[in-house]
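Let's take a friendly walk through this structure together. Keep the sequence and the 3D view side by side as you read.

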Amino acid sequence: MVTLAEIQQRLAEVIRQSGLTQTELARRLKVTQSSIAHYKKGDKLPALDTLANLCKILNVSPAYILCFED
């Protein structure tokens with residue numbers, strides 16, 4: 001069974017590995033820099049549309065973020 005903590009961990013991992021600054025990623029997603037900081041810390045999850053756009057920007061599968069694939 002997939003846990004929320006696992007999803008938050010994967011999301012934070014791909015954001016860190018992207019090489020983009022929080023400011024740049026926030027600009028591309030049209031969210032605040034503090035939202036990106038919260039995603040990285042695992043405090044919050046993005047809205048579904050934001051998650052979809054994040055996956056496009058970072059070229060990562062939503063299935064990976066949601067722990068459907070390794």
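How many salt bridges does the count come to? In this predicted model, the count comes to 3 salt bridges. Side chains of opposite charge can pair when their charged atoms come close. One such salt bridge joins the side chains of arginine 10 and aspartate 70, at 3.6 Å from N to O. This pair links distant parts of the chain, 60 residues apart: arginine 10 belongs to helix 1, while aspartate 70 lies in the segment after helix 5 (62-65).

Stay with arginine 10 for a moment. Its charged end sits over the ring of tyrosine 64, 4.2 Å from the ring's centre. As for rings pairing with rings, a search of the whole structure finds 0 aromatic pairs.

Now follow helix 1 (residues 4-17) to where it packs with helix 3 (residues 33-41). Their axes are 7 Å apart and form an angle of about 120°, so the two helices, helix 1 and helix 3, are oblique to each other. On the helix 1 side, Gln8, Leu11, Ala12, Ile15 and Arg16 meet Ile36, Tyr39 and Lys40 of helix 3. The residues of this contact divide into 5 nonpolar, 1 polar and 2 charged.

Conventions: Residues are numbered from 1 along each chain as its sequence is written. This is a predicted model: local features need pLDDT of at least 70, side-chain atom pairs count only at pLDDT 80 or more; totals for chains, interfaces and linings use all residues. Side-chain values use heavy atoms; hydrogens and water are left out. Rings of Phe, Tyr and Trp (its six-membered ring) pair if their centres lie within 6.5 Å; planes under 30 degrees apart count as stacked, over 60 as edge-to-face and the rest as tilted. A charge sits over a ring if NZ of Lys or CZ of Arg is within 6 Å of the ring centre and within 35 degrees of the ring normal. Axes are lines fitted to C-alpha atoms, for helices over the stretch in contact, and angles run from 0 to 180 degrees between N-to-C directions. Helices (H or I, at least four residues) and strands (E, at least two) are DSSP runs, numbered from the N terminus. Angles under 35 degrees count as roughly parallel, over 145 as roughly antiparallel, 65 to 115 as roughly perpendicular and the rest as oblique. Contact means heavy atoms within 4.5 Å. Ala, Val, Leu, Ile, Met, Phe, Trp, Tyr, Cys and Pro count as nonpolar, Asp, Glu, Lys and Arg as charged, and the others, Gly among them, as polar. A salt bridge is a side-chain nitrogen of Lys or Arg within 4 Å of a carboxyl oxygen of Asp or Glu.
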